[in-house]
Amino acid sequence: MKPKLSKAASQLRTQVDDCFPDRDTRSDGTTGDPRHALTKSDHNPDAQGWVRAWDCDADLHKGGKPDVMSDLVNQIRLLCKSGVEKRISYIIYDSRIYSSILNWKPRKYTGANKHTHHAHFSFKKEADNDGAFFQVPMLGASNE
């Protein structure tokens, strides 16, 4: 079965691409490589073929200046914390993980990949068919 990216993940990627059209994409990723296949990972397709993870290169501007990925992660995290955004299960970036476990406060991430070159976004199963616009200020949300 051909892998298919969660519609929420696809929507977030589209919004990032639209707002940062010349961003570096070398560390982007969706479907896991053979190393991921040996582990439990949202990059691995489930039985229906759904992939529920997207890695976004940290360099949203060519050359990485200014560094705004931490701002983007923070805006998404705050939307999750407020309950406005319910499709994301967790975010990993710059040696920190954010999830509902501590009400979206950062915890030290101790995995082998510290996620300093990309942000990892994992999505809930309910997000598979939910491609609604993300209300992230940096990604074009209205201020109304």
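**Exercise 1. A salt bridge at Asp 24**

Asp 24 has a relative accessible area of 9% and is buried. In this predicted model, identify the residue with which Asp 24 forms a salt bridge, and classify Arg 26 as buried or exposed.

*Solution.*
Step 1. The partner of Asp 24 is Arg 26, and their closest N and O atoms are 2.6 Å apart.
Step 2. The relative accessible area of Arg 26 is 72%. Because the threshold for exposure is over 50%, Arg 26 counts as exposed.
Step 3. The pair thus joins a buried Asp 24 to an exposed Arg 26. In general, side chains of opposite charge can pair when their charged atoms come close.

**Exercise 2. The salt bridges of Arg 87**

State how many salt bridges the structure holds, then trace those formed by Arg 87 with Glu 85 and with Asp 130.

*Solution.*
Step 1. The total is 8 salt bridges. Among the residues concerned, Asp 17, Arg 23 and Asp 28 form a linked network.
Step 2. Arg 87 meets Glu 85, with 2.8 Å between the closest N and O atoms.
Step 3. The side chain of Arg 87 also meets that of Asp 130, at 3.7 Å from N to O. This pair connects distant parts of the chain: Arg 87 belongs to the loop between H3 and E4, whereas Asp 130 belongs to the segment after E7, 43 residues apart.
Step 4. Accessibility is assigned next. Glu 85 is buried at 9%, and Arg 87 is buried at 8%. Asp 130, at 29%, is partly exposed, because buried requires under 20% and exposed over 50%.

**Exercise 3. The sheet and its helices**

In what order do the 5 strands of the open sheet lie, and which helix packs on the sheet while touching E3 and E7?

*Solution.*
Step 1. The order is E3-E7-E4-E5-E6, with antiparallel pairing. The edges are E3 and strand E6 (107-108), each of which pairs on one side only.
Step 2. Helix H1 (residues 7-19) packs on the sheet in contact with E3 and E7, and its direction makes about 15° with that of E3.
Step 3. Helix H3 (residues 69-82) lies across E3, E4, E5 and E7, at about 155° to E4.
Step 4. The pairings of E7 can then be listed. Strand E3 (residues 53-57) is joined to E7 by 5 antiparallel bridges, with Asp 57 partnered by His 118. Strand E4 (residues 88-93) pairs with E7 through 4 bridges, and here Ile 91 is partnered by Phe 121.

**Exercise 4. Burial of E7 and the environment of His 120**

How many residues of strand E7 (residues 118-123) are buried, and which side chains form polar contacts with that of His 120?

*Solution.*
Step 1. In E7, 6 of the 6 residues are buried. One side carries His 118, His 120 and Ser 122, the other Ala 119, Phe 121 and Phe 123; both faces are covered.
Step 2. His 120 has a relative accessibility of 5% and therefore counts as buried.
Step 3. The side chain of His 120 makes a polar contact of 2.9 Å with that of Asp 55 and one of 3.3 Å with that of His 43.
Step 4. Neighbours within four places in sequence being set aside, the residues in contact with His 120 include Ala 53, Trp 54, Tyr 90, Ile 92 and His 115.

**Exercise 5. The nonpolar core**

Which residues have the most contacts inside the largest nonpolar core, and which element supplies the largest share of this core?

*Solution.*
Step 1. The core has 30 residues, and those with the most contacts inside it are Leu 12, Val 16, Met 69, Ile 76, Phe 121 and Phe 123.
Step 2. At least two residues come from each of H1, E3, H3, E4 and E7. The largest share, 6 residues, is supplied by H3.
Step 3. Phe 123 serves as an example. Beyond neighbours within four places in sequence, Phe 123 contacts Leu 12, Trp 54, Ile 88 and Phe 134, among others.
Step 4. In soluble globular proteins, nonpolar side chains tend to be buried together.

Methods. Residues are numbered from 1 along each chain as its sequence is written. This is a predicted model: local features need pLDDT of at least 70, side-chain atom pairs count only at pLDDT 80 or more; totals for chains, interfaces and linings use all residues. Side-chain values use heavy atoms; hydrogens and water are left out. Buried means under 20% relative accessible area, exposed over 50%, partly exposed in between (1.4 Å probe, protein chains only). Two strands pair if DSSP finds at least two bridges between them. A polar contact is a pair of N or O atoms within 3.5 Å; within protein, one must be able to donate a hydrogen and the other to accept it, and residues adjacent in sequence count only if both atoms are side-chain atoms. Contact means heavy atoms within 4.5 Å. Axes are lines fitted to C-alpha atoms, for helices over the stretch in contact, and angles run from 0 to 180 degrees between N-to-C directions. A salt bridge is a side-chain nitrogen of Lys or Arg within 4 Å of a carboxyl oxygen of Asp or Glu. A nonpolar core is a set of buried Ala, Val, Leu, Ile, Met, Phe, Trp, Tyr and Cys residues joined through side-chain atoms within 4.5 Å.
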